[in-house]
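Reader: I would like a close look at a single part of this model, with the numbers that support each step. Please take one part and follow its surroundings outward.

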Amino acid sequence: MNIKLRTGFLILVFLFSLHASAESVTGTINSITEDYGNLNTSVTASQLDELGILQGANYTLKHKGTKVSVYYGSTYSDVSNGEWVSFVLDDGTIRVARNFENAGATLAAVVGDEITISNLE
């Protein structure tokens, strides 16, 4: 096998192993709604899907040392008042909220903050 072919093969194997071993995704808070403090993030539904996080499951969201369990649903009413919920917006990104509570204030979050999402810990 020539060196170019071997190098290309090794790069493909490396990239596949990175993709297959992904345990979390890091994104940013793009905006926070003024009315309820919902967090509109840069994380996409397809990124959650790659982690194996499907609608109907809970996942862990980390923000500045705080970890919360978030239900991946389709609407606020999927959870009880005060519980964490997320769902897909029209542009394919994820909104994280608390039902009848302020998610932004709870986390002391500001636009541009990093968040990390992983399978439930």
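Author: Start with glycine 65, which counts as exposed because its relative accessibility is 80%, over the 50% cut-off. Glycine 65 sits in the loop between strand 3 (58–63) and strand 4. The model is a predicted one, and the values below are computed from it. Glycine 65 and isoleucine 115 are 50 residues apart in sequence, while their C-alpha atoms are 10.0 Å apart in space.

Isoleucine 115 leads on to threonine 41, since isoleucine 115 is among the residues that threonine 41 touches. The others on that list are Thr28, Ile29, Asn30, Thr93, Ile94 and Val96, with residues up to four places away in sequence not counted. Threonine 41 belongs to strand 2 (residues 39–44). Its relative accessibility is 2%, so threonine 41 counts as buried. The side chain of threonine 41 also reaches the backbone nitrogen of valine 43, at 3.2 Å.

The part to look at closely is strand 5, with its neighbours. Strand 5 covers residues 84–88, and four of its five residues are buried. On one side, strand 4 (residues 66–72) is joined to strand 5 by two bridges, and these strands run parallel. One bridge partner can be named here: tyrosine 72 is matched with serine 86 in strand 5.

Strand 5 is also joined to strand 6 (residues 93–98), by five bridges, and this pairing is antiparallel. Valine 85 stands opposite alanine 97 of strand 6. Strand 5 and strand 6 form a hairpin with four residues between them. In that turn, glycine 92 has a positive phi of about 90 degrees.

Next come the aromatic rings. Searching the whole structure gives two aromatic pairs. One is tyrosine 59 with tyrosine 72, an edge-to-face pair at 6.5 Å centre to centre and 75 degrees between the planes. Because tyrosine 59 lies in strand 3 and tyrosine 72 in strand 4, this pair ties together parts that are 13 residues apart in sequence. Both tyrosine 59 and tyrosine 72 are buried.

The rings of tyrosine 76 and phenylalanine 87 have centres 5.0 Å apart and planes at 85 degrees, so this pair is edge-to-face. Tyrosine 76 lies in the loop between strand 4 and strand 5, and phenylalanine 87 in strand 5, so the pair ties together parts 11 residues apart in sequence. With a relative accessibility of 28%, tyrosine 76 counts as partly exposed. Phenylalanine 87, at 9%, counts as buried, because the cut-off for buried is under 20%.

To place this part in the whole: the protein has three helices and seven strands. From the N terminus on, the order of elements is α-β-β-α-β-β-β-β-α-β. Of the 121 residues in the protein, 36% are buried. Among contacts with a separation of 6 or more, 54% are between residues 24 or more positions apart. The accessible surface is about 7,200 Å², and 55% of that area belongs to carbon and sulfur atoms.

In short, strand 5 is mostly covered, is bridged in parallel to strand 4 and antiparallel to strand 6, and holds phenylalanine 87, whose ring partner lies in the loop between strand 4 and strand 5.

How values were computed
Residues are numbered from 1 along each chain as its sequence is written. This is a predicted model: local features need pLDDT of at least 70, side-chain atom pairs count only at pLDDT 80 or more; totals for chains, interfaces and linings use all residues. Side-chain values use heavy atoms; hydrogens and water are left out. Buried means under 20% relative accessible area, exposed over 50%, partly exposed in between (1.4 Å probe, protein chains only). Two strands pair if DSSP finds at least two bridges between them. A polar contact is a pair of N or O atoms within 3.5 Å; within protein, one must be able to donate a hydrogen and the other to accept it, and residues adjacent in sequence count only if both atoms are side-chain atoms. Contact means heavy atoms within 4.5 Å. Rings of Phe, Tyr and Trp (its six-membered ring) pair if their centres lie within 6.5 Å; planes under 30 degrees apart count as stacked, over 60 as edge-to-face and the rest as tilted. Accessible areas come from the Shrake-Rupley method with a 1.4 Å probe; for residues, only the protein chains shown count as cover.
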